[in-house]
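Trainee: I have just opened this one and would love a guided look. Could we go through it together?

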Amino acid sequence: MNAQPIIKAADADTIAQAAGVLRHGGLVAFPTETVYGLGGDATSDAAVAAIFAAKQRPSFNPLIIHVADIAAAERVASFDARARRVADRFWPGALTLVLPRRADSPVSLLAGAGLDTLAVRMPDHPVASALLRQAGLPIAAPSANRSGAVSPTTAQHVAQSLGHRIEMILDGGACRVGIESTVLDLSDTRPALLRPGGVTREDLEAELGPLAAFSHGEGLKSPGQMESHYAPLLPLRLDAAAARPGELLIGFGTAPDAVLNLSASGDVTEAAANLFAMLRSADRQGFEGIAVMPIPEAGLGVAINDRLRRAAAPRPLPGPAPHAK
Ligand code: TXA
Ligand code: MG
């Protein structure tokens, strides 16, 4: 309700308490290796509706279903031999698999936005794993931010973004990967990359062969791929060589004039871990706009550029985020 959410350092007691909140239909924000998730019982439409309400999503985008292990994943979605192989290779980890929904799946239809597929992930974070095991439920968890805002990588970010709307925030420190999971569609013959993220295309292609092309604008199958989905409040200019008057410069590599630097050593993995926290901080320093230096389109740089391009896309202000599709 209106009380401040309780940030609690994650330990055996607070994790057990959070599992209890989830089992009773409440919402808990918890750390994963990618970003903080806003979790609720995926089998409960009410809990799932509460997630959408807390996030103030403009539409019912389907949510990722988090599970403790592969056996739990197989109870909600259909795994063929290929899906099992990919799960064995990349789980636990920053990879979400889109698979056919099982006919007897206990997952709320609202959580899957009525689709005949479900997105499933087994996170690689000790707090998330312990929470999922103890809750004994599949947990629907979008990133724990208001819709259209940047994803949170610390418990404090969650408190700032969702404030009074959740019962409890488990604090497990800063997220190691710092960018959301890669979403891989295995529901069709040809595997397709729906959202670049923490696991690289190169690693997936080493296992699966060429993936169907990820392209902007065209037939976006992942409804979360709205153009301005990851927007800081200030206008964002990409591929900047230097700041213009009124702009804060976010650097990459050697950049003496940068106020913030994603990675002074030019490391895209470090840049991914810093991305959301720096966009958020850039919003608050009294500038009129944000300029970002070019990021190489390689490894996690692909995911960073995807996020930045969408953050820079034209958006209606100050209303709700643009319609999906
Ligand atoms: O790293 C992550 O994935 C984080 C942490 C908390 O696990 N979660 C996250 O959830 O980023 P969310 O709801 O912010 O993003 C879920 C993405 C969206 O792009 C959504 O459209 C896509 O997954 N998605 C979910 N179900 C899908 C489905 N059945 N088919 C295609 N895309 C789906
Ligand atoms: Mg999100």
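Trainee: Is Arg102 buried, partly exposed or exposed?
Mentor: Happy to help, and keep in mind that this model is predicted. The relative accessible area of Arg102 is 30%. Buried would require under 20% and exposed over 50%, so Arg102 counts as partly exposed.

Trainee: Which residue does Arg102 form a salt bridge with?
Mentor: Look for a partner that is itself exposed, with a relative accessible area of 52%. The closest N and O atoms of the pair are 2.7 Å apart. That partner is Asp104.

Trainee: Arg307 and Glu180 also meet in a salt bridge; how many residues apart in sequence are the parts this pair ties together?
Mentor: The N to O distance here is 2.8 Å. Arg307 belongs to helix H9 (residues 300-312), whereas Glu180 sits in the loop between E8 and strand E9 (182-185). The pair therefore ties together parts whose separation in sequence is 127 residues.

Trainee: Are Arg307 and Glu180 buried or exposed?
Mentor: Relative accessibility is 1% for Arg307 and 3% for Glu180. Buried means under 20%, so Arg307 is buried, and Glu180 is likewise buried.

Trainee: Why is helix H6 largely enclosed by the rest of the structure?
Mentor: Helix H6 spans residues 155-162. Among the elements covering its buried residues are strand E1 (6-9), helix H2 (45-55) and helix H8 (268-282). The buried residues are Ala155, His157, Val158, Ala159, Ser161 and Leu162. H6 is largely enclosed because the buried residues number six of the eight.

Conventions:
Residues are numbered from 1 along each chain as its sequence is written. Chains are lettered from A and ligands numbered from 1 in the order in which they are written. This is a predicted model: local features need pLDDT of at least 70, side-chain atom pairs count only at pLDDT 80 or more; totals for chains, interfaces and linings use all residues. Side-chain values use heavy atoms; hydrogens and water are left out. Buried means under 20% relative accessible area, exposed over 50%, partly exposed in between (1.4 Å probe, protein chains only). Helices (H or I, at least four residues) and strands (E, at least two) are DSSP runs, numbered from the N terminus. Contact means heavy atoms within 4.5 Å. A salt bridge is a side-chain nitrogen of Lys or Arg within 4 Å of a carboxyl oxygen of Asp or Glu.
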